[in-house]
Amino acid sequence: MSDQSTVKTSKLLSLVLRHRPEAIGIEVDPHGWASVEEIIAGARRQGTSIDRESIARAVRENDKQRFTLSDDGNRIRANQGHSIKVDLELAPLEPPPQVFHGTVARFLDSIRQQGLVPGTRQHVHLSADEKTALIVGSRRGKPIVLEVDSGAMSRDGLPFYRSANGVWLTDFVPARYLTFP
Ligand code: HQG
């Protein structure tokens, strides 16, 4: 179990690596990498004290393995979840025959009409197991799990990717591939 300061560091890393690098005045390169030293300096300017060790711990102990450190430990990137435009250089990969998406009842009408859209993120997030989808949905209320016919999507030429931490990603899921409970 991570302690509170590790969770705080992880939240800061998620914010700046996925959504708002400018919040601490750093830059993320086209492939999502940022300099560890720049993050430390940027956080300090905002009055947050982190160092290489606390960043390494946040990466190591992260419940979802959200981040990757480069081999030399000098750069870091988020494995998924970006709203800023980055190319993670993920190769299309054959998905399992079905994957799952966790959501809540208030989105269902719109999902029936539009399919699953990435919203502010770069991809629609899907999981190979139902349990993970339940956890994702429960962030917003009583969870509802939709089944995605990823096998049919793939046969129809719609590509899937898998992030370094095992999340299945795709650009868009047309409603015809969804099964509603
Ligand atoms: C919904 C967390 C209306 C969708 C999680 C979701 C995940 C629609 C919300 C990762 C819609 C977007 C991503 C449509 C989709 N109309 N609503 N047509 N299509 N939605 O947060 O999948 O902890 O961007 O159902 O564990 O909830 O950050 O996506 O409810 O892996 O690492 O729009 O974020 O990971 O919400 O979560 P999000 P998500 P981290």
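# Close-up views of a predicted protein chain

Asp156 is exposed, with a relative accessible area of 52%. That puts Asp156 just past the cut-off, because a residue counts as exposed at over 50%. Please keep in mind, as you look through these views, that this is a predicted model.

**View 1. Asp156 belongs to a patch of negative charge on the surface.** Welcome to the first stop, a group of acidic residues. Asp156 shares the patch with Asp129, Glu130, Glu147 and Asp149. To find Asp156 along the chain, look in the loop that runs between helix α6 (150-155) and strand β7 (160-162).

**View 2. The whole protein chain, for orientation, has 6 helices and 9 strands.** Let us step back for a moment before going closer again. The C-alpha trace spans about 50 × 35 × 25 Å along its principal axes. How does the radius of gyration of the protein chain agree with that of a compact globule? A compact globule of 181 residues would have a radius of gyration near 16 Å, and the protein chain has 17 Å, so the two agree. Of the 181 residues in the protein chain, 43% are buried.

**View 3. Lys64, Arg106, Arg139 and Arg140 form a positive surface patch.** Here the charge has the opposite sign. One of the four, Arg139, sits in the loop between helix α5 (130-138) and strand β6 (143-148). Is Arg139 buried or exposed? Arg139 is exposed, because its relative accessible area is 53% and the cut-off for exposed is over 50%.

**View 4. Val148 is a buried residue of the protein chain.** This view moves on to strand β6, where Val148 lies. Val148 counts as buried because its relative accessibility is 1%, and buried means under 20%. How far apart are the C-alpha atoms of Val148 and Arg75? They are separated by 35 Å, and along the chain the two residues are 73 residues apart.

**View 5. Glu22 and Arg20 meet through their side chains in a salt bridge.** Side chains of opposite charge can pair when their charged atoms come close. For Glu22 and Arg20, the distance from N to O is 3.6 Å. The partners can be compared by their accessibility: Glu22 counts as exposed at 53%, whereas Arg20 is partly exposed with a relative accessible area of 42%. The structure as a whole holds 6 salt bridges.

**View 6. Glu53, Arg57 and Arg60 are linked in a network of salt bridges.** Take a closer look at one pair in this network. Arg57 forms a salt bridge with Glu53, with 3.9 Å between the closest N and O atoms. Why are Arg57 and Glu53 separated by about one helical turn? The reason is that they are 4 residues apart in helix α3, which covers residues 52-60. Arg57 counts as partly exposed, at 23% relative accessibility. Glu53 is partly exposed too, with a relative accessible area of 39%.

**View 7. Ser54 is a buried residue in helix α3.** Staying with this helix, we turn to a serine. Its relative accessibility is 13%, so Ser54 counts as buried. Ser54 can also serve as a starting point for a distance across the model. Measuring aside, the computed separation of Ser54 and Ala128 is 31 Å from C-alpha to C-alpha, and in sequence they are 74 residues apart.

**View 8. Asp63 and Arg66 form a salt bridge.** In this pair, the closest N and O atoms are 2.6 Å apart. Is Asp63 buried or exposed? Asp63 counts as exposed, because its relative accessibility is 68%.

**View 9. Gln65 has a positive phi.** Most residues other than glycine have a negative phi. The phi of Gln65, however, is near 50 degrees. Gln65 is found in the loop between helix α3 and strand β2 (67-69). With a relative accessible area of 38%, Gln65 is partly exposed.

**View 10. Glu89 is a residue other than glycine with a positive phi.** The last stop is another loop. Where is Glu89 placed? Its place is in the loop between strand β3 (75-78) and strand β4 (99-104). The phi of Glu89 is near 55 degrees.

Technical notes: Residues are numbered from 1 along each chain as its sequence is written. This is a predicted model: local features need pLDDT of at least 70, side-chain atom pairs count only at pLDDT 80 or more; totals for chains, interfaces and linings use all residues. Side-chain values use heavy atoms; hydrogens and water are left out. Patches are made of residues with over 30% relative accessible area and no salt bridge: like charges are joined within 9 Å, nonpolar side chains (Val, Leu, Ile, Met, Phe, Trp, Tyr) within 5 Å. Accessible areas come from the Shrake-Rupley method with a 1.4 Å probe; for residues, only the protein chains shown count as cover. A salt bridge is a side-chain nitrogen of Lys or Arg within 4 Å of a carboxyl oxygen of Asp or Glu. Lys and Arg count as positive and Asp and Glu as negative; His and the chain ends are not counted. The place of a charge is taken as NZ of Lys, CZ of Arg, CG of Asp or CD of Glu. Helices (H or I, at least four residues) and strands (E, at least two) are DSSP runs, numbered from the N terminus. Buried means under 20% relative accessible area, exposed over 50%, partly exposed in between (1.4 Å probe, protein chains only). The radius of gyration is taken over C-alpha atoms; the globule rule is 2.2 Å times the number of residues to the power 0.38.
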